[in-house]
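Me: I am new to this structure and would like to learn how to read it. Could you take me through a few features, one at a time?

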Amino acid sequence: MELKGEEAIKKAYESILNHDFEQAITWFERAIATNPECAAYHYKLSITYARSGKLDKAAAHASQAVRLEPEDEHYTFHLQHLQARQMTLQAEKLFEESDERLWLAVSLLQQAVKLDPLSQEAFLLLGVAYSRLREFAPAVQAIQELLRLDPQHSIGLRLLADYRQKWKEYMSVTL
């Protein structure tokens, strides 16, 4: 039984090398069908789903891998990364709604950066959300975190200067 699973995994990797991710998904699913309790198979399928932009399915299989092998830090980190991406996407959608909804976006983005402290996108969006809410001190902090991750981030560099200036103007008016 396990040999069939490993054969399917080899076929999945061949498909990936040929840039056929849909076929790779099919092969990973076949491997899981041979051994549904194999955390590694769920993890590998999760990565392929994530690369294909299917975050919900990716998170479901990552969660399954963590359930099967909770002590594996790679599986846990991968699941947290996917959950952070999902929250970031949810928050981004809230930007198109009313400014009151931005506080929900801030909450989602704060959770996202806790789950994945390397998420540049989440820090960037967090800074933008705070700025739109005229909360310039936390906007500056979020962009500074982004720049710690990528000191040459061109948008981050521009926003940091802009938010610092707005913060100074805001502070001079309120004092």
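**Reading the fold**

Me: For contacts between residues at least 6 apart in sequence, what share joins residues at least 24 apart?

Reply: Half of the picture is long-range here: among contacts in the chain between residues at least 6 apart, 50% join residues at least 24 apart. Keep in mind as we go that this is a predicted model.

Me: How many helices and strands does the chain have?

Reply: The chain has 9 helices and 0 strands. Read from the N terminus, the elements run α-α-α-α-α-α-α-α-α.

Me: What is the radius of gyration of the chain, and what would a compact globule of 175 residues have?

Reply: The chain has 21 Å, whereas a compact globule of 175 residues would have a value near 16 Å. The box filled by the C-alpha atoms helps you picture this: along the principal axes, the box is roughly 75 × 30 × 30 Å.

Me: What about the surface and the interior? Which percentage of the residues is buried?

Reply: Buried residues are those under 20% relative accessible area. In this chain they make up 42% of the 175 residues. On the outside, the chain exposes about 10200 Å², and carbon and sulfur atoms supply 54% of that area.

Me: How far apart are the mean positions of the positive and negative charges?

Reply: They are 3 Å apart, taken over 20 positive and 25 negative charges.

**Reading a helix**

Me: How do I check the length of a helix, say α5, and what span should its 22 residues have?

Reply: The idea is to allow 1.5 Å a residue and compare the result with the distance between the end C-alpha atoms. Helix α5 covers residues 73–94 and should span 32 Å; the end C-alpha atoms are 32 Å apart, so the two agree. Try helix α8 (residues 136–149) too: its 14 residues should span 20 Å, and the ends are indeed 20 Å apart.

Me: Which residues of α5 are buried, and what covers them?

Reply: The buried residues of α5 are Tyr75, His78, Leu79, Leu82, Ala84, Met87, Thr88, Ala91 and Leu94. Their cover includes α3 (39–51), α4 (55–68), α6 (102–115) and α7 (120–132). Helix α8 has buried residues as well, including Phe136, Pro138, Ile143 and Leu147.

**Reading single residues**

Me: Is leucine 94 buried or exposed?

Reply: Leucine 94 has a relative accessible area of 6%, so it counts as buried. Leaving aside residues up to four places away in sequence, leucine 94 touches Arg101, Leu104, Ala105 and Leu108. Its C-alpha atom is separated by 9.8 Å from that of alanine 129, and the two residues are 35 apart along the chain.

Me: Where does isoleucine 155 lie, and how does it count by accessibility?

Reply: Isoleucine 155 lies in helix α9 (residues 154–174). Values from 20% to 50% are the in-between class, so isoleucine 155, at 38%, counts as partly exposed. Leucine 124 is 31 residues away from isoleucine 155 in sequence, and their C-alpha atoms are 8.6 Å apart.

Me: Where is aspartate 150 found?

Reply: Aspartate 150 is found in the loop between α8 and α9. With a relative accessible area of 24%, aspartate 150 is partly exposed. Compare its C-alpha with that of tyrosine 130: the residues are 20 apart in sequence and 20 Å apart in space.

**Reading the backbone**

Me: What should I look for in the phi of histidine 19?

Reply: Start from the general idea: most residues other than glycine have a negative phi. Histidine 19 has a positive phi of about 60 degrees although it is not a glycine. Histidine 19 sits in the loop between α1 (2–17) and α2 (21–34), and at a relative accessible area of 64% it is exposed. Arginine 134 also has a positive phi of about 60 degrees without being a glycine; look for arginine 134 in the loop between α7 and α8.

Note on methods: Residues numbered from 1 in each chain as written. Predicted model: local features only at pLDDT ≥ 70, side-chain atom pairs only at ≥ 80, totals over all residues. Heavy atoms only, no water. Helix = DSSP H or I, 4+ residues; strand = E, 2+ residues; numbered from the N terminus. Rg over C-alpha atoms; globule rule 2.2 N^0.38 Å. Buried < 20%, exposed > 50% of the residue type's maximum accessible area, 1.4 Å probe, protein only. Contact = heavy atoms within 4.5 Å. Areas by Shrake-Rupley, 256 points an atom, 1.4 Å probe, with all protein chains shown as cover. Lys, Arg positive; Asp, Glu negative; His and termini not counted. Charge placed at Lys NZ, Arg CZ, Asp CG, Glu CD. Expected span 1.5 Å × (residues − 1).
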